[in-house]
Amino acid sequence: FLGLHLEGPYFSYNQRGAQDPQYLRNPLPEEYNAILDKTDDIIRWSMAPELPGALELGSLLQKKGILASIGHTDAIYEETTDAFHAGFTHVTHLYSCMSTITRQNAYRYAGALEAAYMLDDMSVEIIADGVHLPKSLLQYVCKFKKKDKIALCTDSMRGAGMPDGEYLLGSLDKGQVVIVEDGVAKLPDRSAFAGSVATADRLVRTMVELAEIPLVDAI
């Protein structure tokens, strides 16, 4: 599974999480084609499929054998199912920076989260550090998605395996300062998580000991 996972910059502003908002934008062919032409090492690209131009990019990625993944999204259910049929077959860190049921005037709309459960062939990943998702949600995912459609993800940044304190998320020159405490990375104002500091062994241990999933299933 060696290769590049591009996370962004095609994200929803409302679901940006710890992503730097100054870099967020819609996908344009002249930009993403230039990126795709420079390397064959990209194996996955995560984006918000509701953005103008995202479905076209998803179809292109599928043709190139690159995993098109949904992440940092405000898509409603219908937009998510359209994205699935356009080639987006995976969900990046389920629940984190992801739309769920919303209400617009008197009408309710399901979100990307609900679509991920309804689409049986959609694979999902979870940051199983025991912090991003509590025991109840870890068990909920395992109850309603087949185990071969669930991936455990560290989503770790450079503070992984390091003592508590301040670290840079992203670029060493222009990255954001984050705080590592309580077994997770947070924005300085503690308004959102800023990636994870988990290692893969912690994910498996969390699923077995906290979520009470059989070891074989967790592996």
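This is a short talk on the cores, one helix pair and one loop residue of the structure above.

Okay, so first off, keep in mind that we're looking at a predicted model. Let's start inside. The largest nonpolar core has 40 residues, and if you rank by contacts within that core, the top names are Leu-36, Met-47, Leu-61, Leu-94, Ile-126 and Met-207. Helix H4, residues 112-118, puts in the largest share, five residues. There's also another core, apart from that one, with nine residues, including Ala-18 and Val-197.

Let's pick Ile-126. What is Ile-126 in contact with, once you skip neighbours within four places in sequence? Quite a list: Leu-94, Leu-133, Leu-138, Val-141, Ile-150, Ala-151, Leu-152, Cys-153 and Met-207.

Now the helix pair. H1 is residues 29-38 and H2 is residues 54-63, and their axes come within 11 Å, crossing at roughly 20°. That angle is under the 35 degree cut-off, so we call H1 roughly parallel to H2. The crossing is right-handed. On the H1 side the contact uses Tyr-32, Asn-33 and Leu-36, and on the H2 side Glu-56, Leu-57, Leu-60 and Leu-61. By class, that's five nonpolar residues, one polar and one charged. Leu-36 and Leu-61 should sound familiar: both were on that list for the largest core.

Last stop, Glu-212, in the loop between H6 (200-209) and H7 (215-218). Buried or exposed? Glu-212 counts as exposed, because its relative accessibility is 53% and the cut-off is over 50%. Beyond its close sequence neighbours, within four places, Glu-212 still touches Lys-135, Gln-139 and Met-207. And Met-207, again, is one of the core residues we began with.

Terms used. Residues numbered from 1 in each chain as written. Predicted model: local features only at pLDDT ≥ 70, side-chain atom pairs only at ≥ 80, totals over all residues. Heavy atoms only, no water. Core = buried A, V, L, I, M, F, W, Y, C linked by side-chain atoms within 4.5 Å. Buried < 20%, exposed > 50% of the residue type's maximum accessible area, 1.4 Å probe, protein only. Helix = DSSP H or I, 4+ residues; strand = E, 2+ residues; numbered from the N terminus. Contact = heavy atoms within 4.5 Å. Axes fitted to C-alpha atoms, helices over the stretch in contact; angles between N-to-C directions. Parallel < 35°, antiparallel > 145°, perpendicular 65-115°, else oblique. Left-handed = near helix turned anticlockwise from the far one by under 90°. Nonpolar A, V, L, I, M, F, W, Y, C, P; charged D, E, K, R; others polar.
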